[in-house]
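Please work through the exercises below with the sequence and the structure open beside you. Each exercise gives a task, and a solution follows step by step.

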Amino acid sequence: VAFPDAVKVAGSKQSLIGGGTRSKWGFKVYAVGIYSDSKLIKSLQSKNLAGSSKLTTEFSAAKQARTLLLRFRREVASSDIAEALGEALVDKVGEKSSNEFSSFMLDMVGSEKLKVGADIFITCKGEKLWASLTEGKKDASTISIKGLCPAVFAVYLGHKPVSPQAKEGFEKGFAELE
């Protein structure tokens with residue numbers, strides 16, 4: 001799955017770092033591209049974190065803009081994706097915040113199903129999270145829950161990522177940035 005080299009979300013132009021595929025029960029469900037603004041990339045590069053386990057932790061916890069672009073490879077019920085994202089957060093933000101995020105995502109997606117090729121942009125800047133089905137922020141929904149942004153990125157970049165391939169793609173992509 002091809003991703004754009006850059007996206008503009010939440011007023012921030014962000015560059016693709018890397019990504020990979022999210023599979024479930026042997027099926028390729030979606031591909032995830034991980035983006036960041038240049039300030040965060042430069043900050044992490046200045047700390048020589050390429051190849052370090054601190055890279056993904058510091059990236060996930062950063063206050064600068066960063067985005068997950070989920071590009072669906074198969075049709076998925078909106079309720080399934082909202083529920084799966086929420087479940088992945090329970091051990092990171094607790095059940096109440098996880099359920100609140102699931103409801104937020106379901107409201108944002110709106111339709112019964114995400115079609116093949118559909119996109120979800122999830123952008124964090126500080127404690128604010130934007131979610132949208134299109135690049136930009138005109139139709140974006142926002143939510144602020146303490147600890148949510150680092151937790152959402154930890155789902156993909158943390159100790160037990162839902163897509164080890166995406167984490168590996170991020171680490172490899174970061175190491176190749178100039």
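## Exercise 1: Two loop residues

At 67% relative accessibility, Asn-48 counts as exposed, where exposed means over 50% relative accessible area, buried means under 20%, and partly exposed lies in between (1.4 Å probe, protein chains only).

Before going on, keep in mind that this is a predicted model, in which local features need pLDDT of at least 70 and side-chain atom pairs count only at pLDDT 80 or more, while totals for chains, interfaces and linings use all residues. Residues are numbered from 1 along each chain as its sequence is written, and side-chain values use heavy atoms, with hydrogens and water left out.

Task: Find where Asn-48 is placed, and describe its phi.

Solution. Start with the place: Asn-48 sits in the loop between α1 (38-46) and α2 (54-61), where helices (H or I, at least four residues) and strands (E, at least two) are DSSP runs numbered from the N terminus. Next, turn to the backbone, where Asn-48 has a positive phi of about 50° although it is not a glycine. Finally, look across the sequence: Ala-175 is 127 residues away from Asn-48 along the chain, and the two C-alpha atoms are 9.7 Å apart in space.

Now treat Trp-25 in the same steps. Trp-25 belongs to the loop between β2 (12-24) and β3 (27-36), and its phi is positive as well, about 55°, although Trp-25 is not a glycine. With a relative accessible area of 75%, Trp-25 is exposed.

## Exercise 2: The chain as a whole

Task: How many helices and strands does the protein chain have, and what share of its 178 residues is buried?

Solution. Begin with the elements, of which the protein chain has six helices and nine strands. The radius of gyration, taken over C-alpha atoms, is 15 Å, close to the 16 Å that the globule rule gives for 178 residues, so the chain is as compact as a globular protein of that length; the rule itself is 2.2 Å times the number of residues to the power 0.38. Then take the extent, since the C-alpha trace spans about 45 × 30 × 30 Å along its principal axes. Last comes the cover: buried residues make up 49% of the 178 residues.

## Exercise 3: Two residues of strand β2

Task: Decide whether Gln-14 is buried or exposed, and then state how Ser-15 counts.

Solution. Gln-14 lies in strand β2 and is buried, with a relative accessible area of 0%. Leaving aside neighbours within four places in sequence, Gln-14 is in contact with residues including Asp-5, Val-9, Tyr-35, Ala-65 and Thr-123, where contact means heavy atoms within 4.5 Å. Ser-15 also lies in strand β2, but at 34% relative accessibility Ser-15 counts as partly exposed. With the neighbours within four places again left aside, the contacts of Ser-15 are Asp-5, Ala-6, Ile-34, Tyr-35, Ser-36 and Ile-41.

## Exercise 4: Charged side chains

Task: How many salt bridges does the structure hold, and which parts does the pair of Lys-47 and Glu-58 tie together?

Solution. The structure holds seven salt bridges, each being a side-chain nitrogen of Lys or Arg within 4 Å of a carboxyl oxygen of Asp or Glu. One of them joins Lys-47 and Glu-58, with the closest N and O atoms 2.9 Å apart. Lys-47 lies in the loop between α1 and α2 and Glu-58 in helix α2, so this pair ties together parts that are 11 residues apart in sequence.

A second pair is Asp-119 and Arg-71, whose closest N and O atoms are 2.7 Å apart. Asp-119 lies in strand β7 (residues 119-125) and Arg-71 in strand β4 (residues 66-72), so the pair ties together parts that are 48 residues apart in sequence. Both Asp-119 and Arg-71 are buried.

## Exercise 5: A lysine without a salt bridge

Task: Which side chain of opposite charge is nearest to Lys-167?

Solution. First place Lys-167, which is in helix α6 (residues 164-176). Lys-167 is buried yet has no salt bridge, and the nearest side chain of opposite charge is Glu-171, 4.6 Å away. Not counting residues up to four places away in sequence, Lys-167 touches Thr-56, Tyr-156, Leu-157, Gly-158, His-159 and Pro-161. Among these, Tyr-156 and Leu-157 are buried residues of α5, a helix (residues 148-157) that is mostly covered, with nine of its 10 residues buried.

Note on methods: Lys, Arg positive; Asp, Glu negative; His and termini not counted.
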